[in-house]
Amino acid sequence: MFSVFGICALGTLMFLSATIYAISMNHTASARRFLERGVLRNAAEDGVRLAVAKLNAEPQTAAKAETATAKHVRLLDGASGDAKYTVYARKKDGKILLLGIGAKGAERARAVGVAREQDGTYAMDHWER
């Protein structure tokens, strides 16, 4: 009788420990995805900031962005840390929308900044969320 009770108690403990292990692994995976998403978003935002600097430094890039009214135009590619980014531009309502896409493997994150020309230079007007 005590053997059967001991085996049932051991089975219950094994089930509880397996459940705790699964919850812990799920929590760890969730935290890892959250951190990776932050890295990708930072890479996308870095790309947008660099695109604004490139608009100010290179007149041909600014002209390319200014003429992108019908569809988006790829402005630049690069890397920020482990993540890569690509920035696209499109002019709409007198502003230039800059879409930065951060990528690492199959994961992607986006950031959209709106640049406005003021006195011959481009500056970030606001970020789209």
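Which residue forms a salt bridge with K91?

## The K91 pair

In this predicted model, the partner of K91 is E66, and the closest N and O atoms of the salt bridge are 2.3 Å apart. K91 belongs to strand β2 (residues 83-92) and E66 to helix α2 (residues 59-66), so the pair ties together parts that are 25 residues apart in sequence. K91 has a relative accessibility of 23% and counts as partly exposed.

Side chains of opposite charge can pair when their charged atoms come close.

## A network in helix α1

A salt bridge also joins the side chains of D46 and R49, with an N to O distance of 3.8 Å. Both residues lie in helix α1 (residues 2-57), where three residues, about one turn of the helix, set them apart. D46 is partly exposed at 29% relative accessibility, and R49 is partly exposed with a relative accessible area of 44%.

The D46 and R49 pair does not stand alone: E45, D46 and R49 are linked in a network of salt bridges.

## The D77 and R74 pair

D77 forms a salt bridge with R74, and the closest N and O atoms lie 3.5 Å apart. D77, at 46% relative accessibility, counts as partly exposed. R74 counts as partly exposed too, its relative accessibility being 44%.

## Total

The count for the model comes to seven salt bridges. Among them are the pairs K91 with E66, D46 with R49 and D77 with R74.

Note on methods
Residues are numbered from 1 along each chain as its sequence is written. This is a predicted model: local features need pLDDT of at least 70, side-chain atom pairs count only at pLDDT 80 or more; totals for chains, interfaces and linings use all residues. Side-chain values use heavy atoms; hydrogens and water are left out. A salt bridge is a side-chain nitrogen of Lys or Arg within 4 Å of a carboxyl oxygen of Asp or Glu. Helices (H or I, at least four residues) and strands (E, at least two) are DSSP runs, numbered from the N terminus. Buried means under 20% relative accessible area, exposed over 50%, partly exposed in between (1.4 Å probe, protein chains only).
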